[in-house]
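Okay, thanks for squeezing me in. I'd like to walk you through a structure, so have a look at it first and then I'll talk.

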Amino acid sequence: MNNNKPHTAYFCMEYGLDENMRIYAGGLGILAGDILKAAKEFSYPVTGIGLMWHKGYSKQVINEDGRPEDHHPVNKEIYEHAKDTGEIVSVKIKNQDVKLKIWKLDKFNNATLYLLDSNLPENRKYQNITDGLYDGFNEKRISQEIVLGIGGVKAIRKLGLNIDIYHFNEGHAVLAGTELIREKMKNGMKFKEAWTEVKDNIVFTTHTPVKEGNEAHSLDSLKKMGAFNSLSRKQMKELGDSPFSMTVAGLRLSRISNGVAKLHGQTSREMWKNVKGKSPIISITNGVHRKTWVDQRIINNMDDQEKIYDVHKKMKQELVDFVKKTNGAQLDPEKLIIGFARRATAYKRPNLIFKKSDVIDPYLECGEIQLVFSGKAHPTDDNGKDIVANIVKKAKQFPNSVVFLEDYNMEIARYMTRGVDIWLNNPRKPLEASGTSGMKAAMNGGLNLSILDGWWVEGCEHGINGWQFGDGYAGEGQDESDLYALYRVLFNEVIPTFYGNKDRWKDMMKESIDTSYERFSAKRMVERYYDEMYNK
Ligand SMILES: *Cc1c(COP(=O)(O)O)cnc(C)c1O
C-alpha cells in the first residue's frame, strides 16, 4: 500500500481507539486514535507504538461524600482485542534487563498499533511498569518512557518494520531519540553526526502551553534509571538541558515540530523562543475521525436542514435516556441542554457558569438551562477534585437540570457530543492547545459557545455557526470579564434564539456542520502531517 508515502511510526503514551479498549486518559489519546484510524482509512502508512496499560487510566467515580474517588481495576478485555506477536524485546532499567512482550492491535477500523507489555513474571519488580497510564512519577514515569521510547524503537527493529519517519507525539517518547542515535554510534558514527542524521527522520508534536506542564527530569534520575542509554551526561544535556526537559529534547531531536492549532503554534514559538538548536515549530490544527465521532444519520442527511434537525432531536433524546439510565436525572428534551466535558482542572474553569448564583440559579430552577457535565480530575489533583465536588453539589441542588456523569470516557463523549444543543468551553486563554470535543459536537449539529482559544479561533463565525464570548481578551481580570461575557451571550443570544427563533437555530446547526466537517476532520489533519511534516 505504500505508494511512496513515507511510513511513519507514531509514538504515543495513550490511544483512544475504541470504547472497549481503555488505554487512554483524554485528549492526547483520542487524537492519537483518530490519527491512526484516519491514516488507515485514507491509505497513509502510519503505525502506532504504545503501551499495553492493563489497568488503563483511573476509573473515577463519585463517592458517598460527593467527591471523585480513583479505582484501578484490571481491564482483562484489552488482551482479548490484541494479538500476541510472539516477539519480545528487552530494555535495560537500572541495569536490569526488562522483557517486553509485543502485542498487535488492528481490529479497530484496521488501525495498526503495537503495544509493549512488561507484565511478565520474570520481570519481577519491573512487572508493573505498564500497569496504569500516568500512575507514576519520577522513577516509574522514567521507566515507562524508557519502555515507550527505547523499547518502541527496538520493537520496530524486531518486527522488521521499514520506518521512514519517527513521530514523537508529546515529550513522553523522546528517549526513542537516544536509541536511534545509539544505533548509529554503534556503527562507528560520532555523536554529533549521528544526531544530525536521526534528526532528518524525526518529527515532534508539542501539546502543552503551560510551562510547568512540560515534563522534566534531573539528569541524575535519568542516569540512575538507565535512560542515558549509553550516551554521556554531556550529550544528554546537549539534547535536553539540565534538568532534562522532554519538550526541549523533542524540539532539538526533530527536523520539524508543531503545535496543534494556529494560536497554539504561536504560543509555543513564544514559549520556547530561547531554546537553541530547536526545529521550526509550525501549526497543524487537530481534527477528529468522522466515522468515530459523527453519527451516521447526520452523515446521511447532511444536505437537508430539516432532517438534520430531526436526527439531532433523536440524538438529544438518546442522551436524555442515557443520562436517566446512568445517573437517574430526568432532563427535559424540549429545553436547552448545554454540555461541558473535559479534564477537571483549574484553568479550564468548569465552574465558571455557576459563579454568580443569583444570576444563573433561576434558569436552573425552572430548567430553561440544563447542564450536563463530565470529566475526570488527575488522581493527584486535589484542586481538580474540588471542582468536580462542586459540580456534584450543584447537581444535588438542581437534580433535574444539572448532571454530572462520572468516569468520563469515549462512550459518554459519544452521547454528549451527539446530543447536546450547546457545547460550552471556557478555558483561561491561551491554555487550551486545541480541544477536539467541540469539533465533534459541531459536526453533529451542536453549536459551540466558547472562548476564542484553541481551534475555535479558526472555526468561529459568531452568530452564524456558534458563538464566542470574551473577544479573546487574556489580561488582568480575565475571569470576571469572561463570566459577564458568557452571561451576556447566553442570555441575549443563545436563549432567545433557542426558545424564540427555531429557524435561525436550524440555519446555525447546518452552518455548524458545513463549516467543520471537512476543515476539522482527522483526514485533513493527516494530509497536512504528510504534506508539511513527513514528506521531505
Ligand atoms: C474528544 C475527547 C477528549 C478531548 O476533549 P477536549 O475537547 O480536547 O478537551 C477527551 N476525552 C474523551 C473521552 C474524548 O472523547
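**Two domains and what joins them**

So, the C-alpha centres of domain 1 and domain 2 lie 31 Å apart. Before I go on, keep in mind that this is a predicted model. The domain assignment puts 8-287 plus 524-534 into domain 1, and 290-520 into domain 2. So domain 1 is written in two segments, and the second of them comes after domain 2 in the numbering.

How many residues touch across the boundary? On the domain 1 side there are 36, and they contact 41 residues of domain 2. As for area, people often quote the size of an interface as the accessible area lost when the parts come together. Here the two domains bury about 3,100 Å² between them, with 55% of that on carbon and sulfur atoms. If you ask which three residues of domain 1 supply more of its buried area than any other three, they are Glu-19, Gln-60 and Leu-263, with 18%.

Now the polar side of that interface. Between domain 1 and domain 2 I count 13 residue pairs in polar contact. Which pieces of secondary structure are involved on the domain 1 side? The ones giving two or more residues are helix H1 (27-41), strand E3 (59-62), strand E4 (68-71) and helix H9 (262-271). Sorted by class, that side of domain 1 has 15 nonpolar, ten polar and eleven charged residues.

And the salt bridges? The rule finds six of them across the interface of domain 1 and domain 2.

**Salt bridges, one at a time**

A quick reminder: side chains of opposite charge can pair when their charged atoms come close. Over the whole structure, the search turns up 41 salt bridges.

Let me start with Glu-19, which we just met as one of the three residues leading the domain 1 buried area. Glu-19 makes a salt bridge with Arg-414, and their closest N and O atoms are 2.5 Å apart. Glu-19 sits in the loop between strand E1 (8-11) and H1, while Arg-414 is in helix H15 (residues 410-419), so this pair ties together parts that are 395 residues apart in sequence. Buried or exposed? Glu-19 is partly exposed, at 25% relative accessibility, and Arg-414 is partly exposed too, at 23%.

Next, Asp-386 and Arg-67: their side chains meet in a salt bridge at 2.7 Å, N to O.

Then there's Lys-316 with Asp-421, another salt bridge, where the closest N and O atoms are 2.7 Å apart. Lys-316 belongs to helix H12 (residues 305-327) and Asp-421 to the loop between H15 and E17, so the pair links parts that are 105 residues apart in sequence. What about burial? Lys-316 has a relative accessible area of 5% and is buried, and Asp-421 is buried as well, with 5%.

One more pair: Asp-361 and Lys-394 form a salt bridge at 3.1 Å, N to O. Asp-361 is in helix H13 and Lys-394 in helix H14 (residues 382-397), so here the parts tied together are 33 residues apart in sequence. Asp-361 and Lys-394 are both buried.

Finally, a group rather than a pair: Arg-22, Lys-59, Lys-376 and Asp-407 are linked in a network of salt bridges.

**Odd backbone spots**

Last topic, for those of you who like torsion angles. Most residues other than glycine have a negative phi, and most peptide bonds are trans. So where are the exceptions I picked out?

Take the loop between helix H7 (233-240) and strand E11 (244-245), where Pro-243 lies. A cis peptide bond joins Ser-242 and Pro-243, with omega about -5°. Asp-241 is in that loop between H7 and E11 as well, and its phi is positive, near 70°, though Asp-241 is not a glycine. Asp-241 is partly exposed, with a relative accessible area of 30%.

The peptide bond from Lys-429 to Pro-430 is cis too, with omega near 0°. Pro-430 is in the loop between strand E17 (422-425) and helix H16 (437-443).

And then Arg-349, a non-glycine with a positive phi of about 50°. Arg-349 sits in the loop between strand E14 (336-341) and helix H13 (357-366). Which side of the cut-off does it fall on? Arg-349 counts as buried, at 6% relative accessibility.

That's my tour, thanks.

Note on methods. Residues numbered from 1 in each chain as written. Predicted model: local features only at pLDDT ≥ 70, side-chain atom pairs only at ≥ 80, totals over all residues. Heavy atoms only, no water. Domains from an automatic or database assignment. Contact = heavy atoms within 4.5 Å. Buried area = accessible area lost by both parts, 1.4 Å probe. Salt bridge = Lys/Arg side-chain N within 4 Å of Asp/Glu carboxyl O. Polar contact = N/O pair within 3.5 Å; in protein donor to acceptor, adjacent residues only side chain to side chain. Helix = DSSP H or I, 4+ residues; strand = E, 2+ residues; numbered from the N terminus. Nonpolar A, V, L, I, M, F, W, Y, C, P; charged D, E, K, R; others polar. Buried < 20%, exposed > 50% of the residue type's maximum accessible area, 1.4 Å probe, protein only.
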